[in-house]
Each structure stands twice: as structure tokens, then as C-alpha cells.
Amino acid sequence: TMASNVTNKTDPRSLNSRVFIGNLNTLVVKKSDVEAIFAKYGKIVGCSVHKGFAFVQYVNERNARAAVAGEDGRMIAGQVL
């Protein structure tokens with residue numbers, strides 16, 4: 001099941017549960033790839049991929065913090081996140 005494309009909800013709880021993924025090689029990395037990489041940190045309710053970056057929306061802030069801690073500095077498709 002694919003997550004929603006909506007990651008821009010403005011309530012504070014949603015903001016704290018959202019992860020910004022910068023320096024993403026979006027020519028190679030697709031939405032399904034982003035979800036596969038980040039799903040191990042918790043349930044993803046939204047994922048949006050843009051040119052060079054993406055957002056992942058989790059259920060809660062704990063998931064988001066774990067994802068940032070686990071993936072910051074990781075190399076994906078030749079670029080360091």
C-alpha cells in the first residue's frame with residue numbers, strides 16, 4: 001500500500017512527525033524507494049518526492065526522530081542525505 005502524497009498538513013503534531021530528506025538523487029530514487037528506505041522507522045502516512053528532496057510523514061514524532069538519526073549522512077544513489 002502506497003502512502004498518501006500529502007505531507008503538508010500544518011498542525012504542530014504533523015509538523016513534528018515529518019522528515020525532510022535533502023540532497024536526494026530524485027532522477028534515480030522514486031517515491032517507492034523512499035518509502036522502502038524509511039518504512040523501517042515506523043508507519044509512513046505520507047510521502048512526497050520533489051526535485052532533489054522529499055518529505056516523509058510518520059504517525060508520530062518518535063518515528064521521525066529515529067529516521068533522522070538513522071539516515072542522516074547515509075549515501076543513496078551517489079548522494080549523501
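UniProt, in an unreviewed entry, lists residues 17-81 as "domain: RRM". In the predicted model examined here, the chain over residues 17-81 is 29% helix and 32% strand. The C-alpha atoms at the two ends of this segment are 18 Å apart.

The protein chain as a whole contains three helices and five strands. Their order along the sequence is α-β-α-β-β-α-β-β. The radius of gyration of the protein chain is 11 Å, close to the 12 Å that the globule rule gives for 81 residues, so the chain is as compact as a globular protein of that length. Along the principal axes, the C-alpha atoms fill a box of roughly 35 × 25 × 20 Å. Among contacts in the protein chain with a separation of 6 or more, 64% are accounted for by residues 24 or more positions apart.

Of the 81 residues in the protein chain, 41% are buried. The exposed area of the protein chain is about 4900 Å², and carbon and sulfur atoms supply 57% of that area.

The largest nonpolar core has 18 residues. Within this core, the residues that touch the most other members are I21, L24, V34, F38, I44, V56 and Y58. At least two residues of the core come from each of β1, α2 (31-38), β2 (44-50), β3 and α3 (61-71). The surroundings of V34 were examined individually: leaving aside residues up to four places away in sequence, V34 touches I21, L24, V29, C47, V49 and V56. Of these, I21, L24 and V56 are also listed with V34 among the core residues that touch the most other members.

Aromatic residues were considered next. The whole structure contains three aromatic pairs. In one of them, formed by F20 and F53, the ring centres are 5.8 Å apart and the planes lie at 35°, so the pair is tilted. An angle under 30 degrees would count as stacked and one over 60 as edge-to-face. The F20 and F53 pair links distant parts of the chain, with F20 in strand β1 (residues 18-21) and F53 in strand β3 (residues 53-58), 33 residues apart. Ring pairs also bring in F55, giving a cluster of F20, F53 and F55.

The two members of the tilted pair fall into separate accessibility classes. F20 has a relative accessible area of 53% and is therefore exposed, the cut-off for this class being over 50%. F53, at 27% relative accessibility, counts as partly exposed.

Definitions and conventions:
Residues are numbered from 1 along each chain as its sequence is written. This is a predicted model: local features need pLDDT of at least 70, side-chain atom pairs count only at pLDDT 80 or more; totals for chains, interfaces and linings use all residues. Side-chain values use heavy atoms; hydrogens and water are left out. UniProt positions are given in the numbering used here, feature names are shortened, and annotations may be inferred rather than shown by experiment. Helices (H or I, at least four residues) and strands (E, at least two) are DSSP runs, numbered from the N terminus. Rings of Phe, Tyr and Trp (its six-membered ring) pair if their centres lie within 6.5 Å; planes under 30 degrees apart count as stacked, over 60 as edge-to-face and the rest as tilted. Buried means under 20% relative accessible area, exposed over 50%, partly exposed in between (1.4 Å probe, protein chains only). The radius of gyration is taken over C-alpha atoms; the globule rule is 2.2 Å times the number of residues to the power 0.38. Contact means heavy atoms within 4.5 Å. Accessible areas come from the Shrake-Rupley method with a 1.4 Å probe; for residues, only the protein chains shown count as cover. A nonpolar core is a set of buried Ala, Val, Leu, Ile, Met, Phe, Trp, Tyr and Cys residues joined through side-chain atoms within 4.5 Å.
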